[in-house]
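Grab a pencil and work through a few exercises on the fold shown below. Each one has a task and then a solution in steps.

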Amino acid sequence: VQLQASGGGWVQAGGSLRLSCAASSRIDTINMGWFRQVPGKEREFVAAITWANGRTVFPDSVKGRFTIFRDNAKATVYLQMNSLKPEDTAVYYCAANGGGNLYQSSNYIYWGQGTEVTVSS
């Protein structure tokens, strides 16, 4: 599966962005996630959505501000980011889970190329 992330950009604090992750093949039975990374830091889990029942999970840092949803017909996963903060600035990656818990990046086997998000104060 090849993943293509898009939708990043510059936004002022309090603003919104929607990231998209388009897959090259069907993702109906794949759990999907988003991570982010800033230089010098480890990749951080941001959101995930299961294929079976659409359950979503988020870390406390984005809970209530970010949502994740999927359109299996388009083989696309979205990350809606609202009330953005400067600390959300990072490169955002979408990924396909290969098994195991949804929080660990090591459980994801396919990765998109990343899309950069900059939130100014």
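**Exercise 1: a charge among rings**

The charged end of Arg43 sits over the ring of Tyr93, 3.9 Å from its centre. This is a predicted model, where local features need pLDDT of at least 70 and side-chain atom pairs count only at pLDDT 80 or more, while totals for chains, interfaces and linings use all residues. Residues are numbered from 1 along each chain as its sequence is written, and side-chain values use heavy atoms, with hydrogens and water left out.

Task: work out which other ring the charged end of Arg43 sits over.

Solution. Step one is the criterion: NZ of Lys or CZ of Arg must be within 6 Å of the ring centre and within 35 degrees of the ring normal. Step two is to apply it: the charged end of Arg43 also sits over the ring of Trp111, 4.6 Å from its centre.

**Exercise 2: sorting the ring pairs**

Task: classify the pair Phe35 and Trp111, then do the same for Tyr93 and Trp111.

Solution. Start with the rule: rings of Phe, Tyr and Trp (its six-membered ring) pair if their centres lie within 6.5 Å, and planes under 30 degrees apart are stacked, over 60 edge-to-face, and the rest tilted. That rule gives seven aromatic pairs. For Phe35 and Trp111, the ring centres are 5.2 Å apart and the planes meet at 55°, so this pair is tilted. Phe35 belongs to strand 4 (residues 32-37) and Trp111 to strand 10 (residues 108-111), so to speak a link across 76 residues, with strands being DSSP runs of E, at least two residues, numbered from the N terminus.

Next, check burial, where buried means under 20% relative accessible area, exposed over 50%, and partly exposed in between (1.4 Å probe, protein chains only). Phe35 is buried at 1%, while Trp111 is partly exposed at 28%.

Now the second pair: the centres of Tyr93 and Trp111 are 6.5 Å apart with planes at 80°, so they go down as edge-to-face. Tyr93 sits in strand 9 (residues 90-97), 18 residues from Trp111 in strand 10. At 15% relative accessibility, Tyr93 is buried. To finish, put the rings together: Phe35, Phe45, Tyr93, Tyr103, Tyr108 and Trp111 form one aromatic cluster.

**Exercise 3: the disulfide**

Task: find which cysteines are joined and give the handedness of the bond.

Solution. First, look for cysteine sulfur atoms within 2.5 Å, the cut-off for a disulfide. The structure holds one: Cys21 to Cys94, with S to S at 2.1 Å. Second, take the torsion about the S-S bond of Cys21 and Cys94, which is about 65°, so the disulfide is right-handed. Third, place the ends: Cys21 is in strand 3 (residues 17-23) and Cys94 in strand 9, so the bond ties together parts 73 residues apart in sequence. Both Cys21 and Cys94 are buried.

**Exercise 4: the whole chain**

Task: describe the make-up of the chain and its extent.

Solution. Count the elements: the chain has eleven strands and zero helices. Then get the extent: along its principal axes, the C-alpha trace spans about 40 × 25 × 25 Å. Last, tally burial: 45% of the 121 residues in the chain are buried.

Methods
Helix = DSSP H or I, 4+ residues; strand = E, 2+ residues; numbered from the N terminus.
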